[in-house]
Amino acid sequence: MNLHAGSPEHSNTGDNDPRPTRSTGRRVLINTGALAGSSLWRIGLSFVLQLLIANRLGIEGLGQYATALAYLNVSQVLSELGLPQLLIRDLAQSPVQRRSLFWQSLLMQFAAGILIWLGIWALTSFSFFTETTRLVLIIVTASLPFFALSSICITLFQADERMEVVMGVEMLINGLILVGSVALLWMNATIIHLAFLLVLTQIISGLLYLILLKRGQILDIPQVEEAGNIAATPDSQFFTRNSILTLWQRSRPFYGLAIANVLLHRLDLLLLSAVAGELITGIYSAAYLVVRVFLILGQTYWQSLYPTLSRLRLQSVDGYHRLAEMAIRYGLLALLPASALICGLADPLLRLIFPEESYAASVPVLRLLIWAAPLFLLTTYCINLLLIERHPRLGMAVASVQILVTLAILPPLSRLWQAPGSGMAILSAVTVSSVWGLWLLRRQGIPAGLGRGLSILLGVTAGIGTGLYLLAENGPPQFWPIYGLGAVCLYFIILLRTGLLSTADLSIFRHAIIRS
């Protein structure tokens, strides 16, 4: 889910000059491609790495690693204090503040990283963590002070619209993590060694970003403009108490949105690690590993469309509504049948990914959890529309409902039905939040754009899922790839015959991006 986006105009030429349009369009395409490429690369490497860990260290090892990543991800967002979203907006509009805000933010995030690391140290003293998990959490969160450097550098590159630099560094670091992890696993390393590797790569990431920041001369603007005069800003003014407090007060609204965003993705694993133990967390994580691919793809999908939808809302309301309706329809056209396919073929699919018999317990979890992907796409769609329509509190309310429902029902259901109960809890929470989001859209008079062909799509999805399940359970098991391929072909034929899939819609996508 994208809770913040912006695309500032840097040109001061006239509207009749075609050059800024072409330049901005190319920059949008580069930034969108870099964002999508980085996400896909990260998804692929993370999937492969956790697959190796699952098959090398077992289901409990997977649970420990998934727990460590969940705590690390949440701790990183907490240590950022909401500053990236604020600074990207402000620095894009006023680049002369780069140097002062760099040092102020670095100091604040470094201090926050230290405090959160100490907090994790205290939290892990409770008995619901095993000694190994406790040690792993302390090690991985020791990277937070170094993450502060990477985070502020990434923020400056994004504010300067150089997302391809961020993509290059992230691809390199994620590649190093995969290669290093494979080498460690080949040498019979433990999860603790993998935790140390994450800290080492975070140090490398921070140093590399700092070198690129210096070479790009992004910080070489030690001046501010006052009353038409350019005056140097002394370094001592960067760390005044008032400047730090002012920056913190301005970042607090963004902080809440950032926390809600990360909890939507990580709250389930945080709770499971505390109430269910490593084995249940590992069973759940094996299913979540598949589902997470679709969740991140859906998130990237809306991140790419958010700036264009925001622009069209001001320039062409009709075009905005057409693109929004087409975007959610095509998102559901992709995720609903994919969910039906995975649900019906969950057993042979997981046996292919995880050959060990212990992972058979993840099959019912996957059959439940996969349906959270299209529902989460719908939830983030509602949140983005509410943000575009300038109702940020309502967007926050949609996210909060999912968090609160998860907090309320995941612990008891996981104790009652273990990993499948956790899947039921997450599916219920996403369902409630998506219905709540649609109701808020209707209450605000915002068209949801779900009318066209939705009943046909749901019917086709139910038929495909049921048919694949019956074939997988009763037919020859070795033919399951043929079942899946046949279902995909049948699905596309139905889409074309019913008019749910058309080339006219694709031209709207292309026109919107080119005009960006």
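**Notebook: aromatic pairs and helix packing**

I began with Phe102, which counts as buried at 2% relative accessibility. I note at the outset that the model is predicted.

**Entry 1. Aromatic pairs**

I searched the whole structure for aromatic pairs and recorded seven. In one of them, the ring centres of Phe102 and Trp103 lie 5.1 Å apart with the planes at 80°, so I entered the pair as edge-to-face. The angle settles the class, because planes over 60 degrees apart count as edge-to-face. I then looked up the exposure of the partner: Trp103 is partly exposed, with a relative accessible area of 35%.

I turned next to Trp117 and Trp121. Their ring centres are 5.6 Å apart and their planes stand at 75°, so this pair is edge-to-face. Both residues belong to helix H3 (residues 98–123), where a spacing of four residues separates them by about one helical turn. I recorded Trp117 as partly exposed at 24% relative accessibility. Trp121 is partly exposed, at 39%.

I also noted one aromatic cluster, formed by Tyr301, Trp302 and Tyr381.

**Entry 2. H13 and H14**

I examined how helix H13 (residues 372–388) packs with helix H14 (residues 392–443). The angle is about 155° and the axes are 7 Å apart. H13 is therefore roughly antiparallel to H14, since the class takes in angles over 145 degrees. I entered the crossing of these two helices as left-handed. Sorting the contact of H13 with H14 by class, I listed 18 nonpolar and seven polar residues, with no charged ones.

**Entry 3. H15 and H16**

I then looked up helix H15 (residues 454–474) and helix H16 (residues 480–498). They pack at an angle of about 165°, with their axes 11 Å apart. This makes H15 roughly antiparallel to H16. H15 passes H16 in a right-handed crossing.

Which residues in H15 and H16 meet? From H15 I listed Ile456, Leu457, Val460, Ile464, Leu468, Leu471 and Ala472; they meet Tyr483, Gly484, Ala487, Tyr491, Ile494 and Thr498 in H16. By class, the residues of this contact divide into 11 nonpolar and two polar, and none is charged.

**Entry 4. H4 and H7**

I checked helix H4 (residues 131–141) against H7. Their axes come within 8 Å and cross at roughly 10°. The two helices are therefore roughly parallel to each other, because angles under 35 degrees fall in that class. On the H4 side I recorded Thr132, Leu135, Val136, Ile139 and Val140; on the H7 side, Ile191, Ile192, Ala195, Phe196, Leu198 and Val199 make the contact. I counted these by class as 10 nonpolar, one polar and no charged.

**Entry 5. Ser205 in H7**

I remained with H7 (residues 191–215) to look at Ser205, which is found in this helix. Is Ser205 buried or exposed? I recorded a relative accessible area of 4%, so Ser205 is buried; the cut-off for that class is under 20%.

I then asked which residues Ser205 touches, not counting residues up to four places away in sequence. I listed Ser150, Val169 and Ile173. I also looked up the spacing of Ser205 and Glu170: they stand 35 residues apart in sequence, and their C-alpha atoms are 8.1 Å apart in space.

Definitions and conventions
Residues numbered from 1 in each chain as written. Predicted model: local features only at pLDDT ≥ 70, side-chain atom pairs only at ≥ 80, totals over all residues. Heavy atoms only, no water. Phe/Tyr/Trp six-rings, centres within 6.5 Å; stacked < 30°, edge-to-face > 60°. Buried < 20%, exposed > 50% of the residue type's maximum accessible area, 1.4 Å probe, protein only. Axes fitted to C-alpha atoms, helices over the stretch in contact; angles between N-to-C directions. Parallel < 35°, antiparallel > 145°, perpendicular 65-115°, else oblique. Left-handed = near helix turned anticlockwise from the far one by under 90°. Nonpolar A, V, L, I, M, F, W, Y, C, P; charged D, E, K, R; others polar. Contact = heavy atoms within 4.5 Å.
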